[in-house]
Each structure stands twice: as C-alpha cells, then as structure tokens.
Amino acid sequence: MTILSVYQQALQSVGIGAVDSFSIHQLLQFHNQMKDVNTLLTHLDQTMKNVESFNRDFSRLKKGEPVAYILGFTSFLGMTLKVNTTVLIPRQETEELVLKAIQLFPSVNKINVVDVGTGSGAIALAIKSRMPHWHVMGTDISQPALKIAKTNANHLHLDISLRHGDGLGFLETKLNHTIHLIISNPPYVANEQQLDPFVKQYEPRLALIANPNTQFYEQYLKEGKRLLAPKGMFAFEIDPSLVSPLQNMTKTMYPSATWTFLKDINGKTRFALLYT
Ligand SMILES: C[S@@+](CC[C@H](N)C(=O)[O-])C[C@H]1O[C@@H](n2cnc3c(N)ncnc32)[C@H](O)[C@@H]1O
C-alpha cells in the first residue's frame with residue numbers, strides 16, 4: 001500500500017475537510033520516519049510504513065485530539081518541543097510575541113528576562129536560543145509543566161533557569177529592580193464555555209482559565225513592580241478585548257508608563273507591551 005492510498009483512505013473515512021489535512025500529513029510523516037512534510041509530499045508513491053500504528057493515531061485524531069499530543073511534540077520557532085496534556089500546545093501567536101518582544105526591547109546588553117507561566121518552556125527557550133547572552137528564567141505554578149520545560153531545555157542544550165511558584169511574588173527580594181523584561185502568555189479565558197470544545201477537552205484548564213479574564217495581568221503587573229529594573233518592560237499576549245481593561249489597570253499602578261498594542265498576522269490586537 002502506498003502512502004498516497006493510505007492518505008486517500010484516511011480522508012474518505014472522515015470526509016474531506018473534517019480533519020485538518022496538515023495534521024494527517026504530520027502523522028504520515030512521523031510514521032514513515034521522514035524528516036519533514038515536504039519529503040512526505042514528494043514520496044507519496046512509496047510503500048507506507050507502520051500502517052497499524054498510523055491507524056491507531058489516526059483514530060485519536062478523528063476524535064479531535066490535537067496532533068501535538070498524539071505525537072508528543074510540536075514545533076515552535078523552529079525548535080522541536082516535547083508536549084503532553086500538562087502543558088498548553090504553544091500557538092503561532094506566541095511565536096509572534098517572542099519575535100516582537102526581542103525586536104522591540106531596546107537592549108543588546110546582557111539583560112534578565114522572566115517568562116511567567118512558561119508551560120512547555122516555549123517562550124523562555126525561544127528567547128534564549130535567539131539571545132544567548134540574555135539570562136532567562138521560566139516560572140510556572142504547575143510542577144508537571146516545569147518537568148516538560150526542563151526536558152525541553154536539556155534536549156535543546158539551552159541554559160535557562162526554571163522556578164516553581166505562583167506568579168512573581170515568590171521571587172526573592174535580591175531580585176528587586178533586576179528584571180528587564182517580564183514576558184507572559186497568561187491564562188485569559190473567563191469561562192470554559194468560551195473555549196473550543198477540543199481545547200476544553202484536551203488542554204489543561206490551569207493554562208487557560210482566568211476569573212476575571214484580567215486576573216493574571218493584574219497579578220503579574222502588581223507583583224512585577226518591585227522586580228522591574230528602570231526602563232523595564234512587560235510583554236503580554238492578550239485577547240483583543242483586554243486593551244481598555246489593561247489601560248485602566250495601570251493608570252494608578254504605573255502612572256508614567258505607556259502601552260503599545262500590536263496586531264498579529266491575522267490583524268487582531270494580540271500583543272501588549274508596557275514600557276515603564
Ligand atoms: C496560556 S499557558 C502559556 C504556556 C506557555 N508560556 C505558552 O505560551 O505556550 C499559561 C501558563 O501559566 C501557568 N499558570 C497558571 N497560573 C499560574 C500562576 N498563578 N503562576 C504562574 N504560572 C501560572 C499555567 O500552568 C500555564 O503553563
């Protein structure tokens with residue numbers, strides 16, 4: 001049986017468009033031990049390897065399980081990251097957050113960065129890989145998530161520090177006024193009904209739900225105040241509806257700071273940078 005015929009059978013069994021075809025390509029690539037999807041697409045006439053294990057994984061995909069959890073890894077800014085259901089699958093918008101924060105942070109010197117709620121370590125590791133002279137720390141309230149972040153850091157040979165705790169309040173006073181960039185993609189969905197049903201079913205609630213939806217921005221802005229170095233910056237991923245609440249929140253907390261809101265590739269306001 002060729003790879004193409006297995007692909008066509010798979011598509012027929014669900015109906016074209018019912019399952020994301022790129023996810024099927026990824027499963028086919030993985031089970032045929034090919035290095036990338038392009039190689040797969042140029043070798044569709046080859047004999048399919050590991051048909052049974054492909055079929056097993058394809059049944060999971062049909063039920064709505066994300067391909068990243070099925071394979072146990074995903075790609076983030078060119079890095080391969082281990083993931084499991086204790087961590088959010090890093091999103092494309094977050095890749096943009098990392099690139100914008102690096103581009104807009106006005107320092108080429110050695111600086112200290114904290115990624116609050118690091119999950120798989122995606123943000124912290126991508127920053128470290130691009131800015132090797134920066135000192136990068138990732139924190140999370142979830143021990144299982146930190147275990148995944150540690151595995152990823154080891155596999156990628158990236159030297160970041162990882163700390164367990166709630167927000168930023170637990171960081172020692174010796175770090176006061178030493179952090180130049182606090183970056184985070186915090187939970188910001190107010191209730192489960194707003195989630196895509198498959199996100200709700202498979203991804204960790206702890207990574208998604210905030211009540212109210214400003215909860216973690218407020219916490220991190222308050223707790224980060226003593227840690228930020230002069231002219232430090234917060235860089236957040238946001239929902240577009242959070243622009244005004246964030247502006248109101250910082251009026252008294254950071255009266256002389258200015259927000260910059262940026263759009264993602266789809267034209268939605270998804271990034272909030274506070275220059276203090
Ligand atoms: C939206 S996920 C982001 C994960 C990762 N940074 C990314 O962008 O893919 C939010 C993360 O915040 C963590 N988290 C939730 N509450 C927290 C808290 N109070 N303090 C620190 N981390 C928290 C969750 O465990 C989760 O890993």
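Helices (H or I, at least four residues) and strands (E, at least two) are DSSP runs, numbered from the N terminus. The exercises below concern a predicted model, in which local features need pLDDT of at least 70, side-chain atom pairs count only at pLDDT 80 or more, and totals for chains, interfaces and linings use all residues. Residues are numbered from 1 along each chain as its sequence is written, and side-chain values use heavy atoms, with hydrogens and water left out.

**Exercise 1. The largest pocket**

Task: Describe the largest pocket and state which element gives the most to its lining.

Solution.
Step 1. On a 1 Å grid over the protein atoms alone, a pocket is an open set of points where a 1.4 Å probe fits, with protein on both sides within 12 Å along at least five of seven lines; lining residues have an atom within 4 Å of a point. Grid points are joined across faces, edges and corners, and a volume is the space filled by probe spheres set on the points.
Step 2. The volume of the largest pocket is about 1,000 Å³.
Step 3. Its lining comprises 35 residues, and Ser23, Gln26, Val67, Ala68 and Ile89 lie nearest the centre.
Step 4. Among the elements that give two or more residues to this lining are helix H2 (21-31), helix H4 (51-62), strand E1 (73-76) and strand E2 (79-82). H2 gives the most, with five residues.
Step 5. The lining has 17 nonpolar, nine polar and nine charged residues. In this classification, Ala, Val, Leu, Ile, Met, Phe, Trp, Tyr, Cys and Pro count as nonpolar, Asp, Glu, Lys and Arg as charged, and the others, Gly among them, as polar.

**Exercise 2. The domains**

Task: Locate the two domains and relate them to the largest pocket.

Solution.
Step 1. The domain assignment, which is automatic or from a database, gives domain 1 (3-63) and domain 2 (73-275).
Step 2. The C-alpha centres of domain 1 and domain 2 are 34 Å apart.
Step 3. Each of these domains supplies at least three residues to the lining of the largest pocket.

**Exercise 3. The second largest pocket and helix H7**

Task: Characterise the second largest pocket, then determine how many residues of H7 are buried.

Solution.
Step 1. The second largest pocket has a volume of about 490 Å³.
Step 2. It is lined by 33 residues, with Gly117, Thr118, Gly119, Asp140 and Ala207 closest to its centre.
Step 3. Elements that give two or more residues to this lining include helix H7 (122-130) and helix H10 (215-224). H10 gives the most, with four residues.
Step 4. By class, the lining has 16 nonpolar, 13 polar and four charged residues.
Step 5. Buried means under 20% relative accessible area, exposed over 50%, and partly exposed in between (1.4 Å probe, protein chains only). Seven of the nine residues of H7 are buried, so this helix is largely enclosed by the rest of the structure. Lys128 is one of the buried residues of H7.

**Exercise 4. Aromatic contacts**

Task: Classify the ring pairs Phe30–Phe73 and Phe54–Phe58, and find the charge over the ring of Tyr254.

Solution.
Step 1. Rings of Phe, Tyr and Trp (its six-membered ring) pair if their centres lie within 6.5 Å; planes under 30 degrees apart count as stacked, over 60 as edge-to-face and the rest as tilted. The structure holds seven aromatic pairs.
Step 2. The ring centres of Phe30 and Phe73 are 5.9 Å apart and the planes stand at 50°, so this pair is tilted. Phe30 belongs to helix H2 and Phe73 to strand E1, so the pair ties together parts that are 43 residues apart in sequence.
Step 3. Phe30 is partly exposed at 37% relative accessibility, and Phe73 is partly exposed at 32%.
Step 4. Phe54 and Phe58 are stacked, 5.7 Å centre to centre with 10° between the planes. These residues are four apart in helix H4, separated by about one helical turn, and both are buried.
Step 5. Ring pairs link Tyr217, Phe234, Phe236 and Tyr254 into a cluster. A charge sits over a ring if NZ of Lys or CZ of Arg is within 6 Å of the ring centre and within 35 degrees of the ring normal. The charged end of Lys225 sits over the ring of Tyr254, 4.3 Å from its centre.

**Exercise 5. Backbone geometry**

Task: Identify the residues joined by a cis peptide bond and compare the burial of Gln33 and Leu77.

Solution.
Step 1. Most residues other than glycine have a negative phi, and most peptide bonds are trans.
Step 2. Asn211 and Pro212 are joined by a cis peptide bond, with omega about 0°. Pro212 lies in the loop between H9 and H10.
Step 3. Gln33 has a positive phi, near 50°; Gln33 is exposed, at 58% relative accessibility.
Step 4. Leu77 has a positive phi, near 45°, and lies in the loop between E1 and E2. Leu77 is buried, with a relative accessible area of 17%.
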